[in-house]
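Q: Could you take me on a close look at one part of this protein, the second largest pocket and the helices around there? I'm new to this, so please go step by step.

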Amino acid sequence: MARLPTVAIVGRPNTGKSTLFNRLVDRRQAIISDIPGTTRDHVTSRVETEELDYLLVDTGGMGGGTEDKDFEDDVHAQSLLALEHADVILFTVNSREELTKSDYEIVNLLRKSRKQHVPVILVVTKADNTDITDSLLPQYWELAVADDIVPISALNRLGIDELQEKVIETLLRMRFKKEEIPEEELHIPRIAIIGKPNVGKSSLVNALMSDPQRKVSPRLVSDIPGTTRDATDVIIRHKDREFIVVDTAGLRRQSKVEEDIESYATLRTVQALEQADISVLMLDATVEISKQDKRIAALAVERGKSLVLLLNKIDLITTEQKAERMKEIETNFQFCRWAPVIPVSTVSREGILKMFDLVEMLHRNRTRRLPIKELNRWFLELVEGQPLGPIGRAKHITQAESIPPTFVIFVRNPKTVQVSQLRFVENRLRETFDFEGTPIRWVTKGGRER
């Protein structure tokens, strides 16, 4: 499968990086604030175009601007590492302010730290006044760091289309192509094994392999966290059925990512997740559920991936401890209660083979479409007499042409719909139609009720 190219947005704080990110991905995802330094961790999203797709990375601001120096150092390090592994760099400067010392420091870093021949597009942000912007262009060219300069106003969507075209043109010139899945792989479930370092991801892949496969290409296994540095594909065969399994590098908390190779591993994991159908989050039964475990699960859910929770190393705990850990999973993963949990041991292979049948079921659920008449009949029966506000007065629901399953409810005023009301509808939908293992997305559209 073709590699998904990475485009990184870098710049000092408060130059409009997050607003630009949201415009390019066409939805509000990054946190926007007038307070410099709001975005700390990398925010990533897949951008889909007719020509090709790419992974867009919004980084925290480089070069200062806050009073928390430890915070700044952490953000700077993360941004620098993203910069080193990007295929195209969007360097933002604020047209309403003079170039600062921080801007020039970033210019120097771009010269020293990016990979050779990686193009830089200088994005002049907040450029509402074309006359002022034109007068500033000579000093931006004098920086001698950019292949192209594109003025934009992300807030007013000025120049966004031109910038998108320039990004695509640059990637195509670099020989990146639209991802084309071979016909023979089109219906094969693609599974990303994700989780923290040293939870047994590579051991799981080895356990899933047949004996002949394992002899030819075993995964490297070690007690040292971070042994797997890249995402690699393995075709697993089980009962005449093929599965593409991607063994990814472990995702650490951003503050723990210190080596550039670890940062690269994180980006490759996100890329692998973007290209997967189903994610398998591995948890270590010998330790408590961590915030990072929940963060990784949320990452998969946000990207609309089916999810399985695999509790590994159950051979190392007692029956009572296993029950406690299962209860802990139920408590900590309320946001994805629909994700099945399988206790396994990659050493004894206990529970491992259950994963194949489960993955096939999740793959069907992920792509299933409900007949429109059956869906509407169910919906009208559900809302009748229920205190569901605007949803209770809606007369029509449809399933959009998208994966994961996405449902559109037509109401008078979408802003009045409450999350609790949608959650009620989703719970009843799952009870009736069984979408186990896959997230469900909801869209409320305005207009006169039919």
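A: Before we sort any residues, here's the vocabulary: Ala, Val, Leu, Ile, Met, Phe, Trp, Tyr, Cys and Pro count as nonpolar, Asp, Glu, Lys and Arg as charged, and the others, Gly among them, as polar. Also keep in mind that what you're looking at is a predicted model.

Now for the pocket. The second largest one has a volume of about 670 Å³. It is lined by 17 residues, and if you want to find its centre, look for F335, R423, E426, I440 and W442, which are the closest to that point. Sort the lining with the vocabulary above and you get 9 nonpolar residues, 6 charged ones and 2 polar ones.

Where does this lining come from? Two or more residues each are supplied by α9 (291-302), α14 (419-433) and β15 (441-445). The largest share belongs to α14, with 6 residues.

Let's stay with α14, since this helix also has a helix partner to look at. The axis of α12 (residues 372-383) comes within 11 Å of the axis of α14, and the two cross at roughly 125°. The pair is therefore described as oblique, because an angle that is neither under 35 degrees, nor over 145, nor from 65 to 115 gets that label. The crossing is right-handed.

Which residues make the contact between these helices? On the α12 side they are E374, L375, W378 and L382, while α14 brings F424, V425, R428, L429, T432 and F433. Sorted as before, the residues of this contact are 7 nonpolar, 2 charged and 1 polar.

So, to pull the picture together with α14 in the middle: this helix gives the pocket lining its largest share, and it also crosses α12 at roughly 125°.

Terms used: Residues are numbered from 1 along each chain as its sequence is written. This is a predicted model: local features need pLDDT of at least 70, side-chain atom pairs count only at pLDDT 80 or more; totals for chains, interfaces and linings use all residues. Side-chain values use heavy atoms; hydrogens and water are left out. On a 1 Å grid over the protein atoms alone, a cavity is a set of points where a 1.4 Å probe fits but cannot get out, and a pocket is an open set with protein on both sides within 12 Å along at least five of seven lines; lining residues have an atom within 4 Å of a point. Grid points are joined across faces, edges and corners, and a volume is the space filled by probe spheres set on the points. Helices (H or I, at least four residues) and strands (E, at least two) are DSSP runs, numbered from the N terminus. Axes are lines fitted to C-alpha atoms, for helices over the stretch in contact, and angles run from 0 to 180 degrees between N-to-C directions. A crossing is left-handed if the near helix is turned anticlockwise from the far one by less than a right angle, and right-handed if clockwise. Contact means heavy atoms within 4.5 Å.
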